[in-house]
Every structure is written in C-alpha cells, then in structure tokens.
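Please follow this structure step by step, beginning with its empty space and then turning to the strands and sheets around which the description is organised.

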Amino acid sequence: ARALTPQTAETDAIRFLVGTQSLRYDNQIHIIDFDDENNIINKNVLLHQVGEIWHISASPADKGVLATCYNKTSDSKVMTCAAVWRMPKELESGSHESPDDSSSNAQTLELLCHLDNTAHGNMACVMWEPMGDGKKIISLADNNILLWDLQESSAKAVLSSSAALEGKGQLKFTSGRWSPHHNCTQIATANDTTVRGWDTRSMRQIYCIENAHGQLVRDLDFNPNKQYYLASCGDDCKVKFWDTRNVTEPVKTLEEHSHWVWNVRYNHSHDQLILTGSSDSRVILSNMVSISSEPFGHMVDDDELSDQEDQHQEEKIKEPLQDSVIATYEEHEDSVYAVEWSSADPWLFASLSYDGRLVINRVPRALKYHILL
C-alpha cells in the first residue's frame, strides 16, 4: 500500500482511508477507525475493483466522497486514471462496529464520475479545493493541470480550465498541493527538481523554484497558518521550507533522513510540528518552531520567580526556541510512502509503509503540554 488520507470532512472520529496496490487480488480501500479511549483500531473494507491505488484523497465537504488515482490496463498499455467515488451510507461516519475481517462481506464503492484523462496523460494526483464545498477538484496528468467542476452531486465532472507545462523533454508532475490561503486561488506543483506556484483563476505560473532539490521533488505542503510558507521534500533526502515571496533560498533545510523523503505534512493546528516519511523506513516528527506562526516561547511573569536560578530560567525562556527533532519512529520495516495527521485530533498521526503496515502514533505528551500550556 502507498495511498493514505485522513477523512478530511470528519472532525469528530479519528479516521484514515488506505488504498491497496495488489496485482493479484481486487484492490481495496480500508476505512481505519481509531478508538482513542480504548486504543483499538477498527477496520472496514471497500472493494475498489478498477485497479491498484496510487493516490487517494477525501472530500473536505462530504464524509462519504473520495477520489482515487489508479492503474488500469487497456490495449496492453498501463494508464493511471482518476475517479470520484462514494462509500456506502452506513460507513460514512465513524461510529459503527467493525465487521469480521473477511472480504466476503466487503462492500463496493459507488462510482460517481471519471476524471477523463484520455487527452492529457497519466494522473499523478487529485486535490480538492481545501475550504470549498467539495465541488472543485484539480488533477495533475503528465504535464497538465486540470481544474474540474463536479456537478449533479458529483455525478459529472466538467473540465473548467487547464494549463500545461512547457519546456524541453518529457515534463511530468509528481505531486501538488492546493493552498488554503488567498481564497484558495493558488496551488503548488512539483515536477522533476522544480516547484511552481499557479493561480487557479488565470492558470498562470506565479512563482518558480528551480532546482528546489538536488533530485526529484516528491511532495509539498503549505503551512496552514502562514500564507507564504511552503514545505517540499525529495530524493536528495532533504526537507526544505520556502517563503514563496522570495524563492532564491530556502528559509530552512532539514537533513535528518538517509534516503528519499516521500512525504511532508504540517500539523493543521500547530504549524511548528512537521511530519516526514522516507524510504529509510523512518517517520520523523520535527519541531520547526523558528519558522512557525508562534516563533517565541511563552513569557514567564516576574512574580512567579524568586531566586537567581529561576531568574536564569527566565532568560532562557525569552530566547527563541530551537528547532529540533522531537522523535524518530522506527516501527516500519519498509519504505514509508505516506504520513498524515488526523483531521479530528491534532496530536495523532498515521504512517503507511509499502508492506501494508499502518502505524498510528501520538505526539509525545510532554511536548503537547509544552505547546498548549
């Protein structure tokens, strides 16, 4: 498995969707519910009979709707296609009991519509408009950006505008993110070693970070609280943080992984918390407090302090906090292809490795209270 997403529209239950990549069996989407109080994982399986799942994303507005990019073979050529699906009504929210783990009672996803890519090439990923009503989707197909309008309760996808990457060679997008800022009019895309920003209204390029990484850029994410900040990661084992107003140099670089970095994710509530997953089989949680929206520690009142030692303590608190690695998680034995924060609990995250292992972890309690108190 390599496709993972939180159920974005679900803000109460802790829930992730995982897509499988099996060549022998029908592929599936596993709905993973985590019961926080009892530390129990419940799972439901939905059949995704059209092919192995390369990318999965959940609608921000409708709990039951999701999009997948999947491989299908036609005329002995493999195409990566994209479609929008609805899960059965009774599985939309996270309160049900888990059935037996047998695929005999697995239900099937209902196809809402295909994002027709016959003219545009292989689909790399699908992005929903982050703050929208779930009616706008962008897909990246080879060197094309396609903006779709979902109509008739998502049963029809109409291509409303598009743009193409121009240049030498076979240009292909690897990934993209839709910015939650600027009224959702900007997206960022990665192709080869370059990161580009686009305006979705004019479909024109607004910034370009050439050679953002020494090798292929794998993933991007926007800071949810600082509108010009963007994180990127790639095959040079690095994670870089950019201010899109001045792209000549990264603001910060993290060099903690020893192999390709597949994923970078900002925490939605506390943007100093950064999650990365890599082919070195590790998940790293970093505290990038110096470039977060709260870059300085909390001040301590004078009357709380008495003697010299506490005075010294106060000096330290007034210094800006240092960026650091909070924790390195080594529960995976294979490449970690996806990391995601829960959309319901800001202190909880999931990671997925190629061998199909899904691990759910918490931010260390001491750090949680340090941030909150």
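How much space lies in the largest pocket? In this predicted model, the largest pocket holds about 1500 Å³ of space. Its lining is made up of 49 residues, and those closest to the centre of the pocket are His55, Gly176, Arg177, Asp219 and Arg265. Several strands give two or more residues each to this lining, namely β1 (3-6), β5 (53-58), β10 (123-128), β14 (173-178), β18 (217-222), β22 (261-266) and β26 (336-341). Sorted by class, the residues of the lining comprise 26 that are nonpolar, 14 that are polar and nine that are charged. The lining also draws on two domains, since at least three residues come from domain 1 (1-91 + 106-164) and at least three from domain 2 (167-293 + 319-372).

Two of the strands that contribute to the pocket, β5 and β18, lead on to the sheets. Strands of a sheet pair through backbone hydrogen bonds, and the pairing may be parallel or antiparallel.

The sheet that contains β5 is an open one of four strands, arranged in the order β5-β6-β7-β9 with antiparallel pairing. Its edges are formed by β5 and by β9 (110-115), each of which pairs on one side only, and neighbouring strands of this sheet are turned against each other by 30 degrees on average when direction is ignored. Within this sheet, the antiparallel strands β6 (residues 65-74) and β7 (residues 77-86) are joined by ten bridges, and Asn71 has Thr80 in β7 as its bridge partner.

The sheet that contains β18 is likewise open and has four strands, which follow the order β18-β19-β20-β21 and pair in the antiparallel sense. Here the edge strands, each pairing on one side only, are β18 and β21 (252-254), while the average turn between neighbouring strands, again with direction ignored, is 20 degrees. Strand β19 (residues 229-234) is paired with strand β20 (residues 239-243) through five bridges in the antiparallel sense, and Ser232 stands opposite Lys240 in β20.

A record adds an annotation to the chain: in an unreviewed entry, UniProt lists residues 210-246 under "repeat: WD". Over residues 210-246 the model has 46% strand and 0% helix, and the C-alpha atoms at the two ends are 12 Å apart.

One further strand pair completes the tour. Which residues lie in strand β27 and strand β28, and over how many bridges do they pair? Strand β27 covers residues 348-353 and strand β28 covers residues 358-362, and the two pair in the antiparallel sense over five bridges, with Leu348 having Arg362 in β28 as its bridge partner. Together β27 and β28 form a hairpin that has four residues between the strands, and in the turn Gly356 adopts a positive phi of about 85 degrees.

Conventions: Residues numbered from 1 in each chain as written. Predicted model: local features only at pLDDT ≥ 70, side-chain atom pairs only at ≥ 80, totals over all residues. Heavy atoms only, no water. 1 Å grid on protein atoms, 1.4 Å probe; cavity = no way out; pocket = protein on both sides within 12 Å on 5 of 7 lines; lining within 4 Å. Points joined across faces, edges and corners; volume = space filled by probe spheres on them. Nonpolar A, V, L, I, M, F, W, Y, C, P; charged D, E, K, R; others polar. Domains from an automatic or database assignment. UniProt positions renumbered as here; feature names shortened; annotations may be inferred. Pairing = 2+ DSSP bridges. Axes fitted to C-alpha atoms, helices over the stretch in contact; angles between N-to-C directions.
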